[in-house]
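Please open the model in a viewer and keep the selection tool at hand. The tour proceeds by selection, with a remark on what is found at each stop.

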Amino acid sequence: MSKAQDPFYIVKEEIQESIDKLQSSFHQWERILPDTGEQVHLTKELLANCESIEWQVDELNKTIDVAARDPSWYGIDDRELESRRRWTTTARTQVGDVKKSVVARKENGNSTSAMRRELMKLPISHQSDRSYQYGAEDNDDFIASESDRQMLLIKQQDEELDELSASVERIGGVGLTIHEELLAQEKIIDDLGFEIDSTTNRLDFVQKKVAMVMKKASAKGQIMMILFLLVLFIILFILVFLT
């Protein structure tokens, strides 16, 4: 069986990738300042990955022990078995080194935090006057700095609210102007519609009168009447639409 088809080498490659990622995360963890949120999160992640990889290596080592009972059945020899055992030992060592370093730093961090808490619990009488004075000055400076920062934030928020209020007022003014323009245009349209209706009624009236006259007049009189009505229509058209 070729290495590409051997389940051992498939699992070995996956475990090796996990170990490489673990070591990369470990190097990143070493550069992070202690007692920070990122450091605590990455510590938990590293320890969990170490436990997972160790379990995978143990399971892979069990398969080596099974194959060692009858190597010929699995198509391997003693040299191959020894090579596989060396790799699992090396992998376990790499993971163990990372785990020991992480645990050691975690315990040191806990000890430092505990010592800091114990020092904070000491009575004031056990501290020197100079340390107390420096501590009080540092606290005063910190309080003053925080107060200035809060005031600056409040001032910035007030300025932003003022700008927002001015923008709202401008938008409201534009909206009111648009509303007034729409009302004016609506009135113009209504007036135009009224004039059109009035003109239409007049034309209907004139047409009816023309029809009555045409019935009563002679041919010559009809022509004269048509010319007269045409002139009258032109005059009315000019008076209504061009004035």
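Select Val40 first, a residue of helix H2. The model is a predicted one, and all values below are computed from it. Val40 has a relative accessible area of 38%, so it is classed as partly exposed. Now add Lys106 to the selection: 66 residues separate Val40 and Lys106 in sequence, yet their C-alpha atoms are 8.7 Å apart in space.

Move next to Gln39, which is also found in helix H2. Is Gln39 buried or exposed? Its relative accessible area is 8%, and it is therefore buried, the cut-off being under 20%. Display the surroundings of Gln39: leaving out residues up to four places away in sequence, it touches Trp29, Ile32, Leu33, Pro34 and Arg105. A distance may also be drawn from Gln39 to Gln28; the two are eleven residues apart along the chain, and their C-alpha atoms are separated by 9.6 Å.

Extend the selection to the whole of H2, residues 37–69. This helix has 33 residues, and from its first C-alpha to its last it reaches 49 Å, close to the 48 Å expected at 1.5 Å a residue. Colour its buried residues, which are Gln39, Leu42, Thr43, Leu46, Leu47, Cys50, Ile53, Glu54, Val57, Leu60, Ile64 and Ala67. Polar side chains such as Gln39, Thr43 and Glu54 are included in that list.

Turn now to helix H1, residues 7–30. H1 has 24 residues and reaches 35 Å from its first C-alpha to its last, close to the 34 Å expected at 1.5 Å a residue. The buried residues of H1 are Phe8, Tyr9, Ile15, Ile19, Leu22, Ser25, Phe26 and Trp29.

The aromatic rings are the next stop. How many aromatic pairs does the model contain? The count comes to two. For the pair of Phe8 and Tyr9, the ring centres are 5.2 Å apart and the planes stand at 90°, so the arrangement is edge-to-face. Both Phe8 and Tyr9 are buried. For Phe26 and Trp29, the centres are 5.6 Å apart and the planes are at 25°; this pair is therefore stacked. Phe26 and Trp29 both lie in H1, three residues apart, or about one turn of the helix. Phe26 counts as buried because its relative accessibility is 9%, and Trp29 is buried at a relative accessible area of 2%.

Keep Trp29 in view and add Arg105. Arg105 lies over the face of Trp29, at 4.5 Å from the ring centre. Both Trp29 and Arg105 have already appeared among the residues touched by Gln39.

Select the largest nonpolar core, which has 24 residues. Which of its members touch the most other members? They are Ile15, Leu22, Leu46, Ile53 and Val102. H1, H2 and helix H4 (78–121) each supply at least two residues of this core, and the largest share, nine residues, comes from H2. Centre the view on Ile15: residues up to four places away in sequence aside, Ile15 touches Ile53, Gln56, Val57, Leu60 and Trp87.

Proceed to Thr199, located in helix H5, residues 129–216. With a relative accessibility of 11%, Thr199 counts as buried, the cut-off being under 20%. Apart from its neighbours within four places in sequence, Thr199 is in contact with Val240 and Phe241.

Finally, clear the selection and show the entire protein. What secondary structure elements does the protein have? It has six helices and zero strands, and from the N terminus on the elements run α-α-α-α-α-α. Of the 243 residues, 16% count as buried. The protein exposes about 19100 Å², of which carbon and sulfur atoms supply 60%. Among contacts between residues at least 6 apart in sequence, 67% join residues at least 24 apart.

Key: Residues are numbered from 1 along each chain as its sequence is written. This is a predicted model: local features need pLDDT of at least 70, side-chain atom pairs count only at pLDDT 80 or more; totals for chains, interfaces and linings use all residues. Side-chain values use heavy atoms; hydrogens and water are left out. Helices (H or I, at least four residues) and strands (E, at least two) are DSSP runs, numbered from the N terminus. The expected span of a helix is 1.5 Å times one less than its number of residues. Buried means under 20% relative accessible area, exposed over 50%, partly exposed in between (1.4 Å probe, protein chains only). Rings of Phe, Tyr and Trp (its six-membered ring) pair if their centres lie within 6.5 Å; planes under 30 degrees apart count as stacked, over 60 as edge-to-face and the rest as tilted. A charge sits over a ring if NZ of Lys or CZ of Arg is within 6 Å of the ring centre and within 35 degrees of the ring normal. Contact means heavy atoms within 4.5 Å. Accessible areas come from the Shrake-Rupley method with a 1.4 Å probe; for residues, only the protein chains shown count as cover. A nonpolar core is a set of buried Ala, Val, Leu, Ile, Met, Phe, Trp, Tyr and Cys residues joined through side-chain atoms within 4.5 Å.
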